[in-house]
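Hi,

Here is the structure I promised to hand over. My notes follow below it.

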Amino acid sequence: MDKTQKTRPDKADKPAEPSPGLGAAVRGTWQLPALGLATALLLAGVAAAVLIKPKPDYTGQLAEVARLIDREQYRQALELLNGRILPYLDAGALPKEFAPQFHLLRGRAIYLGQKEAGINLPVNHENIVAEYLDGEQAGAVLDARDTYFLGDTYIALGKLDRAKVRLEQLPESEHLRRGQLLKRMIDARMDVPAPDVVATLALLGEFLKDPELGISDKAWALARQGNLLVRQGYADEAIAKLLRSMPGMMQAGPVALGELYLLLGRAYLDRDAPIEAAKALEQAATLLPEADSRRGTAMVLLARIEADTRDGLEEARHKFAAVAEQYEDTPARLPALLGLAEVEAGLGDHEAALTAYQDLVHAMEEGRKHPDVSPAIVTRSLLDRHQDRLSSGDSGVSLRYAELAERLYPAGAAPPEVLLAIAESARAEAQGLLPTGDAASHLVDLRQLDPATRESARSHFVQAGQYFQRYAGAVIATDNDAYGRALWAAADSFDCAGDQDAAIPLFADYARGFPGDRRQPEAAFRMAQAQEARSDLETAQRVYRALLDGTYGPPGPYTDASYVPLARTLLANTAPEDDEEAENLLKSVVSGKIGGADSANYHDALVELARLHYRNKQYPDAIERLQEAVTRYPSDPDIDGLRYILADAGRLEAASIAEALRQPMPDDQKRALEETRAERLRTAQALFERVRESIRGMDPRRTDDLQRLQMRNATFYVGDCAFELGLYDEAIRRYDAAREAYPRDPASLVALVQIVNCYMAQGDLKRAATANERARRFYAGLPDDAWNDPNLPMSRADWQRWLDSLAQLAPPAGETAPDMPKKASAAAGEGQEGP
C-alpha cells in the first residue's frame, strides 16, 4: 500500500480529550504565550458577528492561511482560522469539503508556531494531535510534512509506539524526515534511567540501514550504541568499540566527535580509569560548543574526577557550580547540582548542600530529567547524607535531607526507606529536645520544657509516629520483624507526644499481633496508661487487672508496675468502696513485697499513699509517708510539690491540735501537744519558704499553673505559721512581703486581714485600725466572684478573726463595718487544704 494513501486512524490513536468534534472553547485555548493568543473568550462574539454576514470565501481564505504559514506568519494564520472559519465549523455551517484542509492547516500552524516560539507545552501537543486526527477523520490525507509533524508531536508526548506508526507511513524517499524521526525516537528511548535496550537497538538498526547516511550520522549512531553498552555495565566493550571506530570518524565534525570523546570519557570513568577519562573529557570539552549542554556534561564528569580526592573538593565545587549556572536551562544542570550538593556536604557545609539539593529537587518537580539523575539516584544520595548526619547527632539536618527525598515522589508514593529515614530523624530530633535525651522518652513530662521547645518536641514526636506508622504499612507484607519494630516505634512516638488517641490502637495492635513477644506486656501497660490519661478509667482498670492476672504473660516488671496505676484509677472514681481496695494495693507495694524499696513502684506507691492520707485528712499518716518520700527522693522532679503537701499537712495538723487543745486534758499532755503543734508549724514554715524560693528560682516559662499556685499560697502560709506561733512582728513582715508580691491578687486580703489580727493580738488598736481601713478598702474594690477561687489561702477561721477584730474596732463616723459576702463565706472552707 502506498504510504501516502488515506488511512483511517486507529481509535487508540485518538486522545481522550479533545474529542473529534472540538468545541469553540477548547479550540480557542491554544496556550502559546509567545504568540499572545487568548481566543477562548473571543470566540462567542466573533462567531455571532461573522455568522450574520454573507458566508466567507472558504477557498480563498484557506489558501491565504496556507500562504501565511509558508511565510512563517503563524499568528496571523491562526487568527484567520479562528476568527473567520472556526465559528462556521462549530455551528455546523462549514461545508464538509473544507473541514479536512481546515484541520490540517490549524495543526500545522500550531506545530510550527510553537517551534518558532521555542516552547514545548503538552496542551499544544495535544491540540496538534487532535487537529491532525480530526482532519484524517474528515477525509484528509497527510502529506510527508504533516506526517512528520504528527510523528514528532507524538514523540514529544512520549507516545513512541504511535510515532512509530507515523514513521512507517513516510515513504523511503523521505529518508531525511525518517532519519530525523528515528533520531528523536532513539534519543527519547534513551532519555530514561532504564531504557528498553531491545527496542532502542531495533531503531538504531533501522536508522543505520539508510544507505545515504553521512559520516556525522554514523558517528551519532556509534555514540548511542556505545552509550547503551555503558549503561548496561559493559564499559570495557564500549571502550573497545569506540577506540576501533573513532579513527574512521575524524571527519564527522567537532560536535559529533566531541560527543564520542564524551562517551569514551564516561566509559573510562566507569572502569575507574580517571587519567584516561580526564583526557577524553577534556578533549570533548574542547570540541563541543560552549552552549552545548553536552559540554556541560563533560565538565560535570571532570568535576566528579576532582571530587574523588579530598584535595580536589574545592576545585570540584567550583566546576559543579559553574555548570549549574552556565547550563541552567539544560539537562546538564541536574548532575551539576547533584555533584555540587554532595561536594558541599563533603566539605561540611550542609546548609549549602541543602540549598543545592533543594534546587535539584525543585527542578525535578518541574519535570526536568536526566538519565544519570533519577529519583532513585538522588534518593540514595540524600539518604547517605541523612545517615551521616544522624549518626553524628545532627538530627535536624538529617531530617531535612530525608524530607527532601520524599519530595521526589508523588504524594503517598515515597519508598519505605525514605519513610523510615524521616521517622528516625524526627524521633531523634524530638529526643534531643528533652532534658535527658533519654530513649525512654515516654517517662519524660514535656511540661518540663518551655512552651516553644515543648511544642517542637511534641510535633516531632507526632511526625515520627506518622512516618513509623506509614513505614509499618509499607513493609507489613514483606518483613514482619521490621513491621513489629515500626509499629512499636509509632505507638511509642505518639505516646511521647501525648497523642493517646493515636497511640492506643497501635499498642493494642502490638499486644494482639505479637503474643509471647517480650514487649507484649509493656504494650498492654502503655495502652492502659494512655487510656488512663484519656480518662477512660474503666478500660484502663480492665487492662491493669489483666496484667495482674497473667493475661499478658507470667509476672514481670509490668505486672509490678500495674499496682499503683490500678489504685490511682480506683481512687479517681466516685465509688467509696474502691478506696479500700486502692489503699490495700498501695500498701502491698510500700510493704516491700512488690519490687522492693528501691523500685520505681515503691516511689509511686509511697507518694500516692501519702496523697491519699492527705486527701482523707489523715495528717499524721500523710506526714509520715511524705517525710519518707522527701528523704528518699530529694531529686524527684516534683520535689517541690511533695514538700508543699508535707508543709500543708503539718499546718493543717497544727490546726487540728489547736482545736484539741481547747478540750480539758492533763497538763503534761497539753504541754506535749503544744510542743508538737509548734514543731509542726516551724517545720511547715521552713518547707513553705523552701518551696516558694525554689519555684521562684525556676524559668517562668517552665512552671505550670499548679506550681505558680503553690508558690503564691506558700508565700502567705509562711506568714500564717508565724502568726500561729505567736511571732506577730515576724508575721507582719511576712504578710507585708506577700501583699507586695501579689498586690492585685484577692489573696492579698489574707495578708491585710492577718496584719489587723496581729496588731489586735499585740493590743495595738491604733495600728490595727489603720491596717483595718486598708483591708476594708481593698476588700471593697474586689468583685464578688473573686471569692469563687477554692484555692485562696483564707479559711473560715481567717474570716472569723477579721469579723472579731472589726467588732472590737470602732468603725469610721457614719459608716458600719462591712458584712462578709455570702460568696466569701461559701469560699472560706473550714480547715482549708492547699492545692
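Which residues do ring pairs link into a cluster? They are Y483, W488, F507, Y510 and F514. Please keep in mind that this is a predicted model.

**Aromatic pairs**

Searching the whole structure turns up 17 aromatic pairs. One of them joins Y58 and Y88. Their rings meet edge-to-face, with 6.0 Å centre to centre and 85 degrees between the planes. Y58 belongs to helix 3 (residues 58-70) and Y88 to helix 4 (residues 74-90), so this pair ties together parts that are 30 residues apart in sequence. Y58 has 5% relative accessibility, so it counts as buried. Y88 has 2% and also counts as buried.

A second pair to look at is W488 with Y510. This one is edge-to-face too. The centres lie 5.2 Å apart, and the planes make an angle of 65 degrees. Here the pair links distant parts of the chain. W488 sits in helix 23 (residues 480-497), Y510 sits in helix 24 (residues 500-513), and 22 residues separate them. W488 is buried, because its relative accessible area is 6% and the limit for buried is under 20%. Y510 falls under that limit as well, at 5%, and counts as buried. Both residues are members of the cluster I asked about at the start.

**Around R651**

Two contacts bring in R651. The charged end of R651 sits over the ring of Y717, 3.9 Å from the ring centre. The side chain of R651 also makes a polar contact with the side chain of D648, at 2.8 Å. D648 is placed in helix 32 (residues 639-660). Its relative accessibility is 0%, so D648 counts as buried.

**N713**

Buried or exposed: what is N713? It counts as buried, because its relative accessibility is 0%. N713 is part of helix 34 (residues 705-724). Its side chain has a polar contact with the side chain of R712, at 3.0 Å.

**A helix crossing**

Two packed helices are described by the angle between their axes and the distance between the axes. Take helix 37 (residues 765-780) and helix 38 (residues 796-808). Their axes come within 12 Å and cross at roughly 125 degrees. That angle makes helix 37 oblique to helix 38. The crossing of helix 37 and helix 38 is left-handed.

**Two more positions**

G553 is in the loop between helix 26 (537-548) and helix 27 (557-560). With a relative accessible area of 25%, G553 is partly exposed. Where P515 is concerned, the C-alpha atoms of G553 and P515 are separated by 8.9 Å, and the two residues are 38 apart along the chain.

Q431 lies in helix 21 (residues 416-432). Its relative accessible area is 16%, so Q431 is buried. The C-alpha atoms of Q431 and R458 are separated by 9.9 Å, with these positions 27 residues apart along the chain.

Over to you.

Best wishes

Notes:
Residues are numbered from 1 along each chain as its sequence is written. This is a predicted model: local features need pLDDT of at least 70, side-chain atom pairs count only at pLDDT 80 or more; totals for chains, interfaces and linings use all residues. Side-chain values use heavy atoms; hydrogens and water are left out. Helices (H or I, at least four residues) and strands (E, at least two) are DSSP runs, numbered from the N terminus. Buried means under 20% relative accessible area, exposed over 50%, partly exposed in between (1.4 Å probe, protein chains only). A polar contact is a pair of N or O atoms within 3.5 Å; within protein, one must be able to donate a hydrogen and the other to accept it, and residues adjacent in sequence count only if both atoms are side-chain atoms. Rings of Phe, Tyr and Trp (its six-membered ring) pair if their centres lie within 6.5 Å; planes under 30 degrees apart count as stacked, over 60 as edge-to-face and the rest as tilted. A charge sits over a ring if NZ of Lys or CZ of Arg is within 6 Å of the ring centre and within 35 degrees of the ring normal. Axes are lines fitted to C-alpha atoms, for helices over the stretch in contact, and angles run from 0 to 180 degrees between N-to-C directions. Angles under 35 degrees count as roughly parallel, over 145 as roughly antiparallel, 65 to 115 as roughly perpendicular and the rest as oblique. A crossing is left-handed if the near helix is turned anticlockwise from the far one by less than a right angle, and right-handed if clockwise.
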